[in-house]
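Grab a pencil and work through these exercises with the model open beside you. Try each task before you read its solution.

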Amino acid sequence: MRFGAVILAAGTSARFGENKLLMPFGRSTVLETTISHFCRSDIDPIVVVTGAHAKSIGRRLKDGRVQLVINPLFGEGMSSSVRKGLESLPHGLDGAFICPGDLPAFHSRVVDRLVEAFQTGCPVVPVFHGRKGHPLLLDRAGVEEAITLFGDRILQRVLERRSHKIVYVEVDDEGILQDIDTREDYDRMAGGTAGGQ
């Protein structure tokens, strides 16, 4: 089976005060660490959807496995970036991961666990102690449906319509819940042992 990934990196980082995705994290940056989890699991292609900070992110990302896509409508919200990223993936994939770019602390083994649990026709969602997190693995039908939707909450609407088919995978990794919204989030995560291999 073949899976791609869409990494959402189009936001303004308004609550953070500067571009949080290029802040140092471990031996690289927040965004590069997030991307690396998919690279280690041989997910290909990896589409990074940029917007507000497209130039600075483009200068930083040099990995040939990563395809940069600019979402000119990033101001309309995350759903526009989800759709742009999914539209940019090649046809024929069995499914696609969708992940916020500011989620560096989960372990790459989570990606492998979701692939192992994948069933054709069923979205896969990781869970930590009963709380749903990221990344989400959408099956092909879910990807095709998401591309046809407009407005807010595209992913939530796809999952709601197919709630009876969702596969929930319990993982021992709190990182699936830990995105970076504020400088306090960043200081806590970057200063600890986050950024799994």
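**Exercise 1.** Along strand S10 (residues 167-170), which side chains point to one face and which to the other, and which are buried?

*Solution.* Before we start, a word on ground rules: this is a predicted model, where local features need pLDDT of at least 70 and side-chain atom pairs count only at pLDDT 80 or more, while totals for chains, interfaces and linings use all residues. Residues are numbered from 1 along each chain as its sequence is written, and side-chain values use heavy atoms, with hydrogens and water left out.

Step 1: know the idea. In a regular strand the side chains alternate between the two faces of the sheet.

Step 2: know the terms. Strands (E, at least two residues) and helices (H or I, at least four) are DSSP runs, numbered from the N terminus. Buried means under 20% relative accessible area, exposed over 50%, and partly exposed in between, with a 1.4 Å probe and protein chains only.

Step 3: sort the residues. Val-167 and Val-169 point to one face and are buried. Tyr-168 and Glu-170 point to the other face and are not buried.

**Exercise 2.** Find the strand that 4 bridges join to S10, and say how the two run.

*Solution.* Step 1: two strands pair if DSSP finds at least two bridges between them.

Step 2: strand S7 (residues 124-128) is joined to S10 by 4 bridges, and they run parallel.

Step 3: look across from Val-169 in S10, and you'll find Pro-126 opposite.

**Exercise 3.** Trace the chain from strand S4 to strand S5 and give the handedness of the crossover.

*Solution.* Step 1: S4 (residues 46-50) and S5 (residues 66-70) pair in the parallel sense, over 5 bridges. As a landmark, Val-49 stands opposite Val-69 in S5.

Step 2: between S4 and S5 the chain passes through helix H2 (residues 54-60), and this β-α-β crossover is right-handed. Right-handed says that, with the strands pointing away from the viewer, the path from the first strand over the helix to the second runs clockwise.

**Exercise 4.** Work out how the rings of Phe-16 and Tyr-186 are arranged.

*Solution.* Step 1: a pair of aromatic rings is described by the distance of the centres and the angle of the planes. Rings of Phe, Tyr and Trp (its six-membered ring) pair if their centres lie within 6.5 Å; planes under 30 degrees apart count as stacked, over 60 as edge-to-face and the rest as tilted. This rule gives 5 aromatic pairs.

Step 2: the ring centres of Phe-16 and Tyr-186 are 6.0 Å apart and the planes stand at 90°, so the pair is edge-to-face.

Step 3: place the two residues. Phe-16 sits in the loop between S1 and strand S2 (24-25), and Tyr-186 in helix H7 (residues 183-190), so the pair ties together parts 170 residues apart in sequence. Both Phe-16 and Tyr-186 are buried.

**Exercise 5.** Describe the largest pocket: its volume, and the residues closest to its centre.

*Solution.* Step 1: the definition. On a 1 Å grid over the protein atoms alone, a cavity is a set of points where a 1.4 Å probe fits but cannot get out, whereas a pocket is an open set with protein on both sides within 12 Å along at least five of seven lines; lining residues have an atom within 4 Å of a point. Grid points are joined across faces, edges and corners, and a volume is the space filled by probe spheres set on the points.

Step 2: the largest pocket comes out at about 880 Å³. It is lined by 34 residues, and closest to its centre are Leu-8, Met-78, Pro-100, His-134 and Asp-179.

Step 3: strand S1 (3-9), helix H3 (78-88) and helix H6 (154-161) each give two or more residues to this lining. H6 has the largest share, with 3 residues.

**Exercise 6.** Which residues does a cis peptide bond with omega about 5° join, and where is the proline?

*Solution.* Step 1: His-134 and Pro-135 are joined by this cis bond.

Step 2: Pro-135 is in the loop between strand S8 (131-132) and strand S9 (136-139).

Step 3: try another one. The bond from Asp-44 to Pro-45 is also cis, with omega near 5°, and Pro-45 lies in the loop between helix H1 (30-40) and S4.
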